[in-house]
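Colleague: Hi, could you walk me through this structure? I'd like to know how the chains are built and what sits inside them.

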Amino acid sequence: MTTLRIRGIGVWSPGVADWSLARTLLANGDWPASGDGRPAPTLMPANERRRAPESVLLALAVAEQACMEAGVDAATLPSVFASIYGDLSINDYMCATLRDDPSTMSPIRFHNSVHNAPSGYWSIATGAMAPTTSIAASRETFAAGLLEAACQAVDARAPVVLAAYDSAGAGPVGDIASVSRSFGCALVLDAAASEGPILRIEARPRNAVASAGDMAGTASGIAHLCSANPIAAGSIPLLASVASGVPGTFSLQLSSGLELHLELTP
Amino acid sequence: MTPLKVLTHTATSCLGQGRDAHYRALTEGRSGLRENDFTRAPLATCIGRVDGLESAALPPRWIDWDCRNNRLAWLALNQDGLLEILRDLRGRLPAHRLGIALGTSTSSIGDTEQAYLELDGRGRFPDTTRSRQIHQPHSLSAFVQRATGWDGPVMTISTACSSGAEAWAAAARWIEQDLCDAVLVGGCDTLCGSTLHGFASLELTSPRPCRPFDQRRDGISIGEAAAFAILVRDTVECGNDGAPDLRLTGHGESADAHHMSAPHPEGAGARRAIEAALQRAGLSVADIDYINLHGTASRLNDQVEATLVSGWFPATTAASSTKGWTGHTLGAAGAIEATLCLLALEHGYLPATLNCEEPDPACGPQFLREGRHAAIRTALSNSFGFGGNNASLVFQRSAE
C-alpha cells in the first residue's frame, strides 16, 4: 500500500480546455457531447505547437496544467507518459506512406512516431533531465501508468508527473481503435507532501469482474466520454471524486489476475 | 539498491536462437548482418534478420495475436528452457505476483503496415485482421502474458532505443516495492517498413554493415531480436545450483532535454543515466570491468559516447559495441545487450566491436577492437534513444 498526495491535476478534451472547467463539469455530473480546439501547451513555442502532433500537444498541455497547480518546477520532476496508441494519426500517415511511396516519408513525422515523442518534447520544453518513461497497456493503460508513477514517486521520494492521454485516430487504423475521442489527464503525485487529496493505492489479486470505476449509470455526457476513450474510463471516477469532494473507492483492472485498489480522500 | 537475482536469460536474434548460439557467434567471429532482403521497396542497407519467422505461425489458440513481433517473442521464449522455468515459477508462486515488463519500439506495427496493403473495398481493414489485438504497442506484452499465464502487473515500455533497458528498471521497482516476487523482463523488436524507411529518411542507415566507432562510420544497420530474463527476489528458491550468481545491481534513467533525434553534444543525459546506475550499485567508474556501449555507428552517437567513456572511465575498463554483430535492434537493444553483458559475466569473454578498423580518434584505450577472454565481475550496459531517453544498467557476478 502506498499513500500519495495529488498536488496538481490537468485535463484536456474537446470543449474542456483545463482542469478548472473539468472540475466544475464533473461536480455537476456534466460533460459536453462535443467541442472544438486543439490543446495548447504554453511552454512550447508557437511555431513548434503548429507542427507538433496532437498527442504531443495533449500530453504536454495536461502535464503543464498539473505542474502549475502543484506549484512544482517541472524541470526537476520524473515523468511517466501513458498512452494506448501513441499517435494514431501518425500511425495512419506512416502506414499509408509505406504503402504508396516509402521514399517520400517525412523524417520529422518518423521521429514524431515514437511512443515517447511526448516525453521527448516535454523534457526539451521544460529542461527536465530526470527519469522519464513512456508506457502502454491496452485498456489498462491508465491503471498501469498510475502504478508506474506511484512506484517512481516512492523510489524518487519526490513528486512525479503522470500524463495519460490518447487522441482520436484517423484512417483505417483509427477505425479499429478503442479511442474515438481525445482525452488526456495528468496528476502530480507526491509521497512526501502534506496537502492535497490523499490517494491510497494497493495492488490486489483480482477476485471477480471489476465493477467499481465503471461509469455506467452516470450522466450520459460522462458515460459517452468514457465509452469513447479508455483513458477517460480509467481516470474519470478518480477525477470526479476530487471534483465533488466526496471520498471514493475504486478498482481498476491491471491484468487478468491483478487490480489496483484506490481510495481517494479529497 | 538491493541486488536482484537474474534467474535465467535468453536471446534470439540474427546471431541465432538462445544463449549458446550467441556466445558461439561472438567467439567464432560470425556477424548476423546481411544485405537488405526484407523491404518491399528497395532500400540499400544491411539488416539483422531472423530467418524463418514467415513460416513460424503461433499456435492456433493465439491466432488473434499472430504477427511477426509475437512470433519472434514466442521463438525466444522457447529457447534455453525459459518456458519450463516460467511454468515452474507459475506453479510455486502466486500468479498475481509474477510481472511482465517488456520493451519494444515497433511492437506489431509491421503487421499494421501489411493491413494497409489489404484494405477492403470501403478502405477498411479486412475482416481477417480487424478483430485482432495486435494493432497497438501493448500487443507484445499482452501476448506474452497470455502465453505464460503470469498474471501480475503487465506493462509495455516504449521509449525508442532505450525501451529494453528501461524495462529492467521498471521490473526492479516492482520487486523492490513488493508488488512482485518475479518479473519476466526484456524486449522484442522486429524489422518493418516504418523503422527501415524511417531511419533512411533521416539519413541514418548505412549502405554497408555498420561500423561502430570507426572513423568512416556512416550509419546504423537495423536488426530484430527478442531477449528475456527472469528477475527474482532473494527469497525465491531458484533450483539452478552451480550456475553463476548474476545480479542486477544498478539502473539509471535520464532525459537529454536537448533534441528529438540527436544526442546531447556533451552526453549530459547519458552521463546522468550512468551516474544514477553506478550510484544505485554503490560503485564508481573504476569498478566497471566491461561496458556494452550503445555504439550505433551513427556519426553523432558514437562521437558523444566515445568522448564520454574515454574521458571518464579508467583504461582498465573494457568497452565494446555489439551492433556490428546483431544490428541495432532498437526497442530490443537494451534487452539483448543485457543478455550479452550477462554472457560476458558467465563466460569471461568480452566481444569485439565488429567492423571498427580505423577507430575514431575520440576512442580511448577502453575500446575493444578484438574480443578477448577476461574473468570479469561487473558490466555496464548503455542504451540511448530518440527523444533523448537514456538508460544504463549494472550487472554483477558474485565471487563464488
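Modeller: Happy to. One term to start with: helices and strands here are DSSP runs, numbered from the N terminus, with at least four residues for a helix and at least two for a strand. Also keep in mind that this is a predicted model.

Colleague: Good, then let me use that straight away. Where is Ala297(B) found?

Modeller: Ala297(B) sits in a loop of chain B, between strand 11 (290-292) and helix 10 (299-312). Its phi is near 80°, a positive value in a residue other than glycine.

Colleague: And is Ala297(B) buried or exposed?

Modeller: Ala297(B) is buried, because its relative accessible area is 0% and the cut-off for buried is under 20%.

Colleague: What about Ser107(B), what is its phi?

Modeller: Ser107(B) has a positive phi too, about 40°, although it is not a glycine. You'll find Ser107(B) in the loop of chain B between strand 5 (98-103) and helix 4 (109-116). With 3% relative accessibility, Ser107(B) counts as buried.

Colleague: Let's step back to the whole chains. How many helices and strands are there in chain B?

Modeller: Chain B has 12 helices and 16 strands. For chain A the counts are 10 helices and eight strands.

Colleague: What is the radius of gyration of chain A, and what would a compact globule have?

Modeller: Chain A has 18 Å, and a compact globule with its 266 residues would have a value near 18 Å, so the two agree. Chain B, with 400 residues, has 20 Å; a compact globule would be near 21 Å, and that agrees as well.

Colleague: What box do the C-alpha atoms of each chain fill?

Modeller: Along the principal axes, the C-alpha atoms of chain A fill roughly 55 × 40 × 35 Å. For chain B the box is roughly 60 × 50 × 40 Å.

Colleague: How much of each chain counts as buried?

Modeller: In chain A, 59% of the 266 residues count as buried. In chain B, 68% of the 400 residues do.

Colleague: And the surface that chain B exposes, what do carbon and sulfur atoms supply there?

Modeller: Chain B exposes about 12700 Å², and carbon and sulfur atoms supply 47% of it. The accessible surface of chain A is about 9100 Å², with 49% belonging to carbon and sulfur atoms.

Colleague: Which contacts join residues far along the sequence in chain A?

Modeller: Taking contacts in chain A between residues at least 6 apart in sequence, 71% join residues at least 24 apart. In chain B, residues 24 or more positions apart account for 78% of the contacts with a separation of 6 or more.

Colleague: Switching to charges: how far apart are the mean positions of the positive and negative ones in chain A?

Modeller: They are 2 Å apart in chain A, which has 15 positive and 23 negative charges. Chain B has 35 positive and 45 negative charges, and their mean positions are 2 Å apart.

Colleague: Now my favourite, the aromatics. How many pairs are there?

Modeller: A search of the whole structure finds 13 aromatic pairs over all chains. One of them joins Phe81(A) and Trp122(A), with ring centres 6.5 Å apart and planes at 65°, so this pair is edge-to-face.

Colleague: Which parts of chain A does that pair tie together?

Modeller: Phe81(A) lies in strand 2 (residues 79-82) and Trp122(A) in helix 6 (residues 117-126), so the pair ties together parts that are 41 residues apart in sequence. Both Phe81(A) and Trp122(A) are buried.

Colleague: Got one in chain B?

Modeller: Yes, Trp62(B) and Trp74(B) form an edge-to-face pair, 4.9 Å centre to centre with 75° between the planes. Trp62(B) is in the loop between strand 4 (46-48) and helix 2 (68-77), and Trp74(B) is in helix 2, so the pair ties together parts 12 residues apart in sequence. Trp62(B) is buried at 8% relative accessible area, and Trp74(B) is buried at 16%.

Colleague: Which residues form an aromatic cluster with Phe110(A)?

Modeller: Phe199(B) and Phe386(B) form one aromatic cluster with Phe110(A).

Colleague: Last one: what is Ser123(A) in contact with?

Modeller: Leaving aside neighbours within four places in sequence, Ser123(A) is in contact with Ala128(A), Ala255(B), Ala257(B) and Gly387(B). Ser123(A) is in helix 6 of chain A and counts as buried, at 2% relative accessibility.

Technical notes. Residues numbered from 1 in each chain as written. Chains lettered and ligands numbered in written order. Predicted model: local features only at pLDDT ≥ 70, side-chain atom pairs only at ≥ 80, totals over all residues. Heavy atoms only, no water. Rg over C-alpha atoms; globule rule 2.2 N^0.38 Å. Buried < 20%, exposed > 50% of the residue type's maximum accessible area, 1.4 Å probe, protein only. Contact = heavy atoms within 4.5 Å. Areas by Shrake-Rupley, 256 points an atom, 1.4 Å probe, with all protein chains shown as cover. Lys, Arg positive; Asp, Glu negative; His and termini not counted. Charge placed at Lys NZ, Arg CZ, Asp CG, Glu CD. Phe/Tyr/Trp six-rings, centres within 6.5 Å; stacked < 30°, edge-to-face > 60°.
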